[in-house]
Amino acid sequence: MVPPSRPSPRTTLYLSNLDDNLIVRHRFDTLLVYNNGSPNVYSSQNPVKVIREALSQVLGYYHPLAGRVKRTEDGRKLQVDCTGEGALFVEASTHNTLSLLGELEELKPSFEQLLFQFPLTAQVEDVPPLIFQVTRFDCGGFVVGVSFNHCLCDGRGAAQFLLGLAEIARGETKLSIEAVWQREDLKPHQPYLVRFQHDELLESGFIVNPNCSRQMANVKTEDLILASFFLSSDVLQSIKQPIVEELKEHCSTFEVLAALAWRARTVALGIPLDHTVRLLFAVDVRRAFDPPLAEGYYGNGWSLACARNTTAGEVVNGSLSHVVKMIKNAKMSLNEEYVTSSMAFLEMKRSCPKMIDVRMCVEDAYLTDWRWLGFNEVDFGWGEPVIACPISFLRTLGFPIAFLRPPEKKSGVKMVVCVPCAAVKALEKEIHSLV
């Protein structure tokens, strides 16, 4: 264990309903790959030692991550006990070279060796909120694997923590962005005002398609594959321009890519055209509040947007502009009033099932966008990572879609879609027909 370098205040901290609902009651894992190929002052240093010492110092600013998550007395909610026990830190080495990893495009069981894993049956109280593993390769490169309890931070907050850790590792004496907890500000006030129906939320706080037909039970990792596609900036512009002209309004690259990926996934999985389908994706709502959440807020500051009330036929056979418009409307619906209403709804209807009790279906597509969170800028002194990618979402959400930064010196987007092996050819055919 790596404890904070200075004593942590012993207290119990509240988790907001953005932090504590079933969709975030899991861990998310990240791999950062460094090749150590450019000579610099850090070339001869041991990255394990540098990162471990910096971790102890940065936990002094982020002391909740050195504590433990526990349940309230009634068992309905989670909170953080600031015990100061520290983060779990693992040092590892291998005689392999980084070339073995490729671009982490293939889902290989061996990659799980790059990050220490607790059994899936482990209770939340028994697992430290923060787990590190630094693995050194014979070629001089190394991989930093990090696992966060999602209840304590979202992707943006986790990247903020890692960027602060990197600053300390490079010799800075203080963080450029102050860590802010601020969860109490999001606590619903009585009387609870639920202004919307929130039919997308169960009492558990997890979204399940009421029209689900095919549940994804007992899907094994070896039956899945990560299909990766690179879309250059020129290709993206050629797809986006006619959509902008048709809608007569600005369209983001995310909206156009999401529409394209949703359609391709729907076709590849062979979802019947009359079935109801949904696209679910996170939208940062930090600035939706008045006043906005503080700059250094590292908790969950996102809400789940849902493009719904449509069929597979409409997504597949309708115009791509129409699909883009559905996605834009889903994003725009997440204003302060809606998010506040959803948190009040969860407060009134809260229950505490386990993640394994949630049944997910093929009609729901989950999308995550990691391009601008900040993981690609985490420089411990050896330069920025050559690869920064999530790995845990494949075990968490059924057949998801991810947008990542492309390899170095390429301008565009790397799109990764997780599908059963039998659906890969259909997915590739559909993507190529759209681009």
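With which side chain does the side chain of D20 make a polar contact? Keep that in mind as you open the structure, which is a predicted model, and begin the tour at this residue.

**First stop: D20**

Select D20, whose place is in the loop between β1 (12-14) and β2. With a relative accessibility of 0%, D20 counts as buried, because the cut-off for that word is anything under 20%. Now add R25 to the selection, and you have the answer to the opening question: the side chain of D20 makes a polar contact with the side chain of R25, at 2.7 Å.

**Second stop: the five-stranded sheet**

From the loop, move on to strand β2, which covers residues 27-34, and then show the strands around it. You should find an open sheet of five strands, arranged in the order β5-β6-β7-β2-β12, with mixed pairing. At the edges stand β5 (88-94) and β12 (387-390), and since each has a single partner strand, one side of each is left without a neighbour in the sheet. If you look along the sheet, neighbouring strands are turned by 15° against each other on average, when direction is ignored.

To see one pairing in detail, keep β2 and β12 on display: these two strands run in the antiparallel sense and are joined over four bridges. For a single example, select T30, whose bridge partner in β12 is P390. Next bring in helix α1, which packs on the sheet and touches β5, β6 (130-137) and β7 (142-149), while the direction of α1 makes about 165° with that of β6.

**Third stop: two helices that cross**

Keep α1 (residues 47-58) selected and add α2, so that you can look at how the two pack. In general, a pair of packed helices is described by the angle between their axes and the distance between the axes. Here α1 and α2 pack at an angle of about 115°, with their axes 8 Å apart, and the crossing of α1 and α2 is right-handed. On the α1 side of the contact, select V50, I51, A54, L55, Q57 and V58, and on the α2 side F161, G164, L165, I168 and A169, which they meet. The residues of this contact divide into nine nonpolar and two polar, with no charged ones.

**Fourth stop: V378**

Now select V378, which is found in the loop between β11 (364-369) and β12. Is V378 buried or exposed? With a relative accessible area of 0%, V378 is buried. Leaving aside neighbours within four places in sequence, the residues in contact with V378 include L32, Y34, L162, L163 and A166, and also G383, E384 and P385. If you draw a distance between the C-alpha atoms of V378 and A166, the value is 6.1 Å, although 212 residues separate the two along the chain.

**Last stop: backbone exceptions**

Finish with the backbone, where, as a general rule, most residues other than glycine have a negative phi and most peptide bonds are trans. Select Q182, in the loop between α2 (155-169) and β8 (224-232), where phi is near 60°, a positive value in a residue other than glycine. Then go to K248, in the loop between α3 (233-247) and α4 (253-268), which also has a positive phi near 60°. K248 counts as exposed, because its relative accessibility of 74% is over 50%. Finally, select D290 and P291, which are joined by a cis peptide bond with omega of about 0°; P291 has its place in the loop between β9 (276-284) and β10 (302-311).

Notes
Residues are numbered from 1 along each chain as its sequence is written. This is a predicted model: local features need pLDDT of at least 70, side-chain atom pairs count only at pLDDT 80 or more; totals for chains, interfaces and linings use all residues. Side-chain values use heavy atoms; hydrogens and water are left out. Buried means under 20% relative accessible area, exposed over 50%, partly exposed in between (1.4 Å probe, protein chains only). Axes are lines fitted to C-alpha atoms, for helices over the stretch in contact, and angles run from 0 to 180 degrees between N-to-C directions. A crossing is left-handed if the near helix is turned anticlockwise from the far one by less than a right angle, and right-handed if clockwise. Contact means heavy atoms within 4.5 Å. Ala, Val, Leu, Ile, Met, Phe, Trp, Tyr, Cys and Pro count as nonpolar, Asp, Glu, Lys and Arg as charged, and the others, Gly among them, as polar. Two strands pair if DSSP finds at least two bridges between them. A polar contact is a pair of N or O atoms within 3.5 Å; within protein, one must be able to donate a hydrogen and the other to accept it, and residues adjacent in sequence count only if both atoms are side-chain atoms.
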